Amino acid sequence: TATSTNHSNKHDLNARLGNYAQLPIVVISLHPETNNMKDESFQHVFEFLSRLDDYFLVFSEPNQDPGRDKIMGLLLAFMEERKSNYIFEQSFGIEVYQSCLKHCRFAIGNSSSLIIEGSYFGTPSINVGGRQEGRQRGSNIIDAEAECNALVEAFSRALKLDKSLIANSPFWQGGAAAKIVAKISKLYPFTEYPKKRFIDRG
């Protein structure tokens, strides 16, 4: 989890990503949306990303749900055209990925990590489409349709968010274990250890 992982400092992270310290980082985490998101919607996302010339783009791999091949096709074409200032790996590992979320300028995609870990770090995050519809979220999230103009507007709003003010995750408030034990104790009051019974079945 974000609370128990050792995260890299910005200097070490930049070295891991290829020494792009002069460019602000953007994390992109896109997965297939099996019910709603159409192919052209992902095209709009990559059209928006093509405008981010002054950023270093960190792409995580989409999951294995149906529709993955379409995203990968768009991603490969995008990387071929962009040439530089990006990185894509099949798996960054938890430490590197969360460190990217912690130090990035903003994140964009439809992954739960933007909502859960992103809210813990106070990372301004553009949630695209309806894949996370109905999920509780923090004030770091900006919801946007998968349409280029809507993403540009969300991008403008994301840059105005102050990380120190939106790092108020609804998923981690501390002391969870003690609260769970207290709740269970009220429902099932503990009196004494039960005696172990031995049954000889022959």
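Biologist: Why is Glu 47 called partly exposed in this model?

Modeller: This is a predicted model, and in it Glu 47 has a relative accessibility of 37%. Buried would need a value under 20% and exposed one over 50%, so Glu 47 falls in between and counts as partly exposed.

Biologist: What makes Glu 47 and Arg 51 a salt bridge?

Modeller: The closest N and O atoms of Glu 47 and Arg 51 are 3.8 Å apart. The cut-off is 4 Å, so this pair of Glu 47 and Arg 51 qualifies. Arg 51 is partly exposed too, with a relative accessible area of 47%.

Biologist: How many salt bridges does that rule give?

Modeller: The count comes to 4. Among them is the pair of Asp 143 and Arg 137, at 2.6 Å from N to O. Asp 143 counts as partly exposed at 46% relative accessibility, and Arg 137 does at 25%.

Biologist: Glu 89 also forms a salt bridge with Arg 16; what makes this pair a tie between parts of the chain?

Modeller: Their closest N and O atoms are 2.9 Å apart. Glu 89 sits in the loop between β3 and α4, whereas Arg 16 belongs to helix α1, so the bridge ties together parts that are 73 residues apart in sequence. Glu 89 is partly exposed at 22% relative accessibility, and Arg 16 is partly exposed at 34%.

Biologist: Then why does Arg 82 have no salt bridge?

Modeller: The nearest side chain of opposite charge is Asp 53, and it is 4.5 Å from Arg 82. A salt bridge has to be within 4 Å, so the pair of Arg 82 and Asp 53 is not counted. Arg 82, which lies in helix α3, is buried all the same.

Biologist: What polar partner does the side chain of Arg 82 have?

Modeller: A polar atom of that side chain lies 2.8 Å from the backbone oxygen of Tyr 55. Beyond its neighbours within four places in sequence, Arg 82 is in contact with Leu 49, Leu 52, Asp 53, Tyr 55 and Leu 57.

Biologist: What is unusual about the phi of Lys 83?

Modeller: Its phi is positive, about 75°, although Lys 83 is not a glycine. Most residues other than glycine have a negative phi. Asn 85 also has a positive phi, of about 65°. Lys 83 is in the loop between α3 and β3, and Asn 85 is found in that loop as well.

Biologist: How do you know whether Lys 83 and Asn 85 are buried or exposed?

Modeller: Lys 83 has a relative accessible area of 65%, which is over 50%, so Lys 83 is exposed. Asn 85 comes out at 19%; that is under 20%, so Asn 85 counts as buried.

Biologist: What makes Ser 29 buried?

Modeller: Ser 29, in strand β1, has a relative accessible area of 2%. The limit is under 20%, so Ser 29 is buried. Its side chain has a polar contact of 3.1 Å with that of Ser 60. Tyr 97, Asn 110 and Leu 114 are among the other residues that Ser 29 touches.

Biologist: Which way do the residues of strand β4 point?

Modeller: Phe 106 and Ile 108 point one way and Ala 107 and Gly 109 the other, and all are buried. β4 pairs in the parallel sense with β1 over 4 bridges and with β5 over 3 bridges. Ile 108 stands opposite Ile 28, while Gly 109 has Asn 127 in β5 as its bridge partner.

Biologist: What is in the largest nonpolar core?

Modeller: That core has 30 residues, and those with the most contacts inside it include Leu 52, Phe 106 and Ile 126. Among the elements that give two or more residues to it are β1, β4 and α7, and α3 gives the most, with 6 residues. A second, separate core has 17 residues, including Phe 92 and Cys 104.

Conventions. Residues numbered from 1 in each chain as written. Predicted model: local features only at pLDDT ≥ 70, side-chain atom pairs only at ≥ 80, totals over all residues. Heavy atoms only, no water. Buried < 20%, exposed > 50% of the residue type's maximum accessible area, 1.4 Å probe, protein only. Lys, Arg positive; Asp, Glu negative; His and termini not counted. Polar contact = N/O pair within 3.5 Å; in protein donor to acceptor, adjacent residues only side chain to side chain. Contact = heavy atoms within 4.5 Å. Pairing = 2+ DSSP bridges. Core = buried A, V, L, I, M, F, W, Y, C linked by side-chain atoms within 4.5 Å.
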